[in-house]
Amino acid sequence: LRGAYAHGRARAARPTVARAALVVFGPAHGAPAGVRRGPAVAALAAVLVLVAGLLLIAGISGTGGLGNQPNPALASAMPAASTAVSERVTAAASASAAGTTPASASAMLSPAGRPAASQLVALPAFDAAADWPALATDEAPALRALAQAWGVQLAAGAPCGQAAAQGLVCWRQRAGNLPLLSQLDRPVVLALVRDDGRRAYAQLLALGSSGAALAAGGRRWSVSSAQLAALWRGELVTFWRQTDRLAPGLAPGASGPAVAALHQALAQAAGTPDAVVPAKPVYDSALRQRVAEFQLAAGLNPDGLTGPTTFMLLNRALAVDEPRLARE
């Protein structure tokens, strides 16, 4: 279905299905053991029709101003596909970061350089009544503190403008959730809101199954999942590092050096850095499908459009130096 969509077709023809099988199962494996034509194909077709309807309702394109919103539901619904593709997508990044090849898809976007969660275990519990005055009442100082985790010092003034001059791009989300925080896997500034409507800002340092760790004004706290749910309405802002190779604003139909860089980045992430880049690269349907393949492996909506979260996870696959969340 994704392949047909990338080519603007309403039906998935045999060549598209064959290409999808090659991507998912690899050339050496063919169809998975036990799969037979006939009833199995009919059942698969029925499932695909149902999935297509659900994705159409859910707005699979994921562009809607959210910049390639991560889609954990889609990722969990297609484990075989995402596992097979993820292993190839992350081979180059893992080898670059650790000198090894991942043994499974669980090594995707390998946590090299992640801070030790043991440093955050004994933090005092956050008390909304007593500790609220220690939080930043304005986003700017919280972003300046966040920038330090990226090795960037920001002066007073508009933090996002200053950060852009140093290669960091601000990214804002107003409808975030815990799966999104886990997928981005980077420190972020959370906008917290009390029952009385007062707003404050804290930096998310760690995320686990039972809660998180927050920081503000030189202090750190642990916060339970229930507390976080009560205080956080989904608004967050973070940074991603803009490299010379990748730049925002690419769209289908574009051409030039930025498109060539995208070709090279996708090839490196897929473990084929020697792939030939077209002499006159264009963001055509074939390149859009390659972007969609990476997005599917990374758990994003596979719309083939290079939004901020696609660049964030592509940077991770390319082992770009970026801070990480501490984990349990």
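The exercises below, each with a worked solution, concern a predicted model of a protein chain.

**Exercise 1. Overall make-up**

Task: State how many helices and strands the protein chain has, and what share of its residues count as buried.

Solution.
- Step 1. The secondary structure of the protein chain comprises 14 helices and six strands.
- Step 2. The chain has 328 residues, of which 41% count as buried.
- Step 3. For contacts between residues at least 6 apart in sequence, 66% join residues at least 24 apart.

**Exercise 2. The surroundings of Tyr 201**

Task: Determine whether Tyr 201 is buried or exposed, and list the residues in contact with Tyr 201 beyond its neighbours within four places in sequence.

Solution.
- Step 1. Locate the residue: Tyr 201 belongs to strand S3, which covers residues 199-207.
- Step 2. The relative accessible area of Tyr 201 is 10%. The cut-off for buried is under 20%, so Tyr 201 is buried.
- Step 3. With neighbours within four places in sequence set aside, the contacts of Tyr 201 are Leu 135, Ala 136, Thr 137, Asp 138, Glu 139, Ala 142, Val 189, Leu 190, Ala 191 and Ala 216.
- Step 4. Tyr 201 also has a polar contact of 3.2 Å, formed between its side chain and that of Arg 199.
- Step 5. As a distance check, the C-alpha atoms of Tyr 201 and Ala 215 lie 9.2 Å apart, with the two positions 14 residues apart in chain numbering.

**Exercise 3. The nonpolar cores**

Task: Find how many residues the largest nonpolar core has, and which element gives the most to this core.

Solution.
- Step 1. The largest nonpolar core has 28 residues.
- Step 2. Strand S3 gives the most to this core, contributing four residues.
- Step 3. Separate from it is a second core of 16 residues, which includes Leu 250, Leu 262, Leu 266 and Leu 313.
- Step 4. Within the largest core, the residues with the most contacts are Leu 135, Leu 181, Leu 190, Leu 192, Leu 204, Leu 214 and Leu 236.
- Step 5. Take Leu 192 from that list. Outside four places in sequence, Leu 192 is in contact with Trp 132, Leu 135, Arg 198, Arg 199, Ala 200, Ala 202, Leu 214, Leu 231 and Trp 232.
- Step 6. As background, nonpolar side chains in soluble globular proteins tend to be buried together.

**Exercise 4. The cavity**

Task: Identify which residues line the largest cavity, and give the make-up of this lining by class.

Solution.
- Step 1. Searching the whole structure gives one cavity of 30 Å³ or more.
- Step 2. The largest cavity holds about 30 Å³ of space.
- Step 3. Its lining consists of Glu 139, Arg 172, Val 189, Leu 190, Ala 191, Tyr 201, Glu 235, Leu 236 and Val 237.
- Step 4. At least two lining residues come from strand S2 (188-193), and at least two from strand S6 (232-241).
- Step 5. Sorted by class, the lining has six nonpolar, three charged and no polar residues.

**Exercise 5. Positive phi outside glycine**

Task: For Asp 185 and Ala 319, give the value of phi and decide whether each residue is buried or partly exposed.

Solution.
- Step 1. Asp 185 is not a glycine, yet its phi is positive, at about 50°.
- Step 2. Asp 185 sits in the loop between helix H10 (178-184) and S2.
- Step 3. Asp 185 is buried because its relative accessible area is 5%.
- Step 4. Ala 319, also a residue other than glycine, has a positive phi near 60°.
- Step 5. Ala 319 is in the segment after helix H14 (308-317).
- Step 6. With a relative accessible area of 34%, Ala 319 is partly exposed.

**Exercise 6. The surroundings of Glu 322**

Task: Establish where Glu 322 is found, and which side chain is joined to that of Glu 322 by a polar contact.

Solution.
- Step 1. Glu 322 lies in the segment after H14.
- Step 2. Its relative accessible area is 7%, so Glu 322 is buried.
- Step 3. Beyond four places in sequence, Glu 322 is in contact with Trp 150, Arg 186, Trp 240, Arg 241, Met 312, Asn 315 and Arg 316.
- Step 4. The side chain of Asn 315 is joined to that of Glu 322 by a polar contact of 3.4 Å.
- Step 5. Arg 186 is 136 residues from Glu 322 in sequence, while their C-alpha atoms are 7.8 Å apart.

Note on methods
Residues numbered from 1 in each chain as written. Predicted model: local features only at pLDDT ≥ 70, side-chain atom pairs only at ≥ 80, totals over all residues. Heavy atoms only, no water. Buried < 20%, exposed > 50% of the residue type's maximum accessible area, 1.4 Å probe, protein only. Contact = heavy atoms within 4.5 Å. Polar contact = N/O pair within 3.5 Å; in protein donor to acceptor, adjacent residues only side chain to side chain. Core = buried A, V, L, I, M, F, W, Y, C linked by side-chain atoms within 4.5 Å. 1 Å grid on protein atoms, 1.4 Å probe; cavity = no way out; pocket = protein on both sides within 12 Å on 5 of 7 lines; lining within 4 Å. Points joined across faces, edges and corners; volume = space filled by probe spheres on them. Nonpolar A, V, L, I, M, F, W, Y, C, P; charged D, E, K, R; others polar.
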